[in-house]
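Let's take a walk through this protein together, starting with its aromatic rings and then stepping back to the whole chain. Keep the viewer open as you read.

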Amino acid sequence: MVPRRQKRLDRGISLFLNSPTTSSNTKSVSVTWKPYLIDPATNPNGEDFESYNIRRWGSSAWTNQLKRAGKKCGANFADWKWWPHTLKAHQLVLYAEQRKGVDSAISNAAIFEALYERGKNVSLVEELVKIGVQDLGLVEEEEELRLYLEENRGAAEVMEEINRGRRRYDISGVPFFIMEKEGSERRPYGLSGAQDPSTFLNLLEELYDDEE
C-alpha cells in the first residue's frame, strides 16, 4: 500500500468515529498492517525509480495519476527516487512491533515518508536503521536492529505472513483491505484496489450496526 491509500483509510475511519449517528465513546477501530512484496524480483538493494519503471512497464507515466490523486489527500510523493525491495522494510516493522510494541501503522508511515517524501532507499539496512532510531524510538536497540537486518532475521516470518494472506484471502496485489468485527463469526469483507473514504465509512457502520 502507498500513502494515498493509507490516508483514505484514515479519513474513512475518522468519518466513522465522528459520525453523529452513534456515540464515538462506544466505537473503536484497530488497524493492523500486513506485509506484501509487489515484485520479489526487484534487486535486493533497490532500483532507480525511472530505470525500474522503464524496464518493467516502458515508462513511469502510470504514476502520474497516482501522484495527482495523492496530493489531494496529503501524500505529495515529493521525492520518489527508488523502487525498493521491501522485505527488509517489513522486517523492520516486525522487529519494532515485537521488540518495542510499535504499532505497524506508525512504522509503515515512517517508511513511506522516507521513501516517497525524502528520497531514501528503504531497501538498505543503514537507511532502515536510521528510520528505526530517528522515527521509531529504537535508540538503545540500534546495533541489535542492524544485526537483525544484516542477518536477515524475521524474513521467514514475514514470508509466511505473506503466504498466509495468499492462502486465506487469495491476495495477489495491493492495496487489499480486510475488514471484520473482532470476535464475530461473520465472514470478513475483502476489498481489492483503491477505495474512497465513503466505502470504508459504509462498511464500518455496517459492522457496527451488526454489533448492535
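Two rings of Phe, Tyr or Trp (for Trp, its six-membered ring) are called a pair here if their centres lie within 6.5 Å; planes under 30 degrees apart count as stacked, over 60 as edge-to-face and the rest as tilted. With that in hand, and keeping in mind that this is a predicted model, you can find 15 aromatic pairs in the structure.

Begin with tryptophan 62 and tryptophan 83. Their ring centres are 6.3 Å apart and their planes meet at 65°, so this pair is edge-to-face. The two rings come from distant parts of the chain, 21 residues apart: tryptophan 62 belongs to helix H3 (residues 62–72), and tryptophan 83 to strand E2 (residues 82–83). How buried or exposed are these two partners? Tryptophan 62 is partly exposed, with a relative accessible area of 39%. Tryptophan 83 has a relative accessibility of 8%, and because buried means under 20%, tryptophan 83 counts as buried.

A second pair worth clicking on is tyrosine 95 with tyrosine 148. Here the centres are 4.9 Å apart and the planes lie at 55°, so the pair is tilted. Tyrosine 95 sits in helix H4 (residues 87–100) and tyrosine 148 in helix H7 (residues 142–150), so their pairing ties together parts that are 53 residues apart in sequence. Both rings belong to buried residues: tyrosine 95 has 4% relative accessibility, and tyrosine 148 has 10%.

Ring pairs also join up into a cluster. Its members are Trp33, Phe49, Tyr52, Trp57, Trp62, Phe77, Trp80, Trp83, Phe112 and Tyr116. Tryptophan 62 and tryptophan 83, which you have already met, are among them.

Now move along to strands E3 and E4. Strand E3 (residues 176–179) pairs with E4 in the antiparallel sense, over four bridges. Two places let you follow the pairing by eye: phenylalanine 176 stands opposite serine 192 in E4, and isoleucine 178 has glycine 190 of E4 as its bridge partner.

Which side chains of E3 are buried, and which are not? They alternate along the strand: Phe177 and Met179 point to one face and are buried, whereas Phe176 and Ile178 point to the other face and are not. Strand E4 (residues 189–192) likewise has a covered face, made of Tyr189 and Leu191, and an uncovered one, made of Gly190 and Ser192.

One more stop is asparagine 163, in helix H8 (residues 155–169). Asparagine 163 is partly exposed, at 27% relative accessible area. Its C-alpha atom is separated by 8.9 Å from that of tyrosine 36, although the two residues are 127 residues apart along the chain.

Finally, zoom out. The chain has nine helices and four strands, and from the N terminus its elements run α-β-α-α-β-α-α-α-α-α-β-β-α. The radius of gyration is 18 Å, close to the 17 Å that the globule rule gives for 212 residues, so the chain is as compact as a globular protein of that length. Along its principal axes the C-alpha trace spans about 50 × 40 × 35 Å.

Of the 212 residues, 43% are buried. Among contacts between residues at least 6 apart in sequence, 66% join residues at least 24 apart. The accessible surface comes to about 11,800 Å², with 46% of it belonging to carbon and sulfur atoms.

Key
Residues numbered from 1 in each chain as written. Predicted model: local features only at pLDDT ≥ 70, side-chain atom pairs only at ≥ 80, totals over all residues. Heavy atoms only, no water. Buried < 20%, exposed > 50% of the residue type's maximum accessible area, 1.4 Å probe, protein only. Pairing = 2+ DSSP bridges. Rg over C-alpha atoms; globule rule 2.2 N^0.38 Å. Contact = heavy atoms within 4.5 Å. Areas by Shrake-Rupley, 256 points an atom, 1.4 Å probe, with all protein chains shown as cover.
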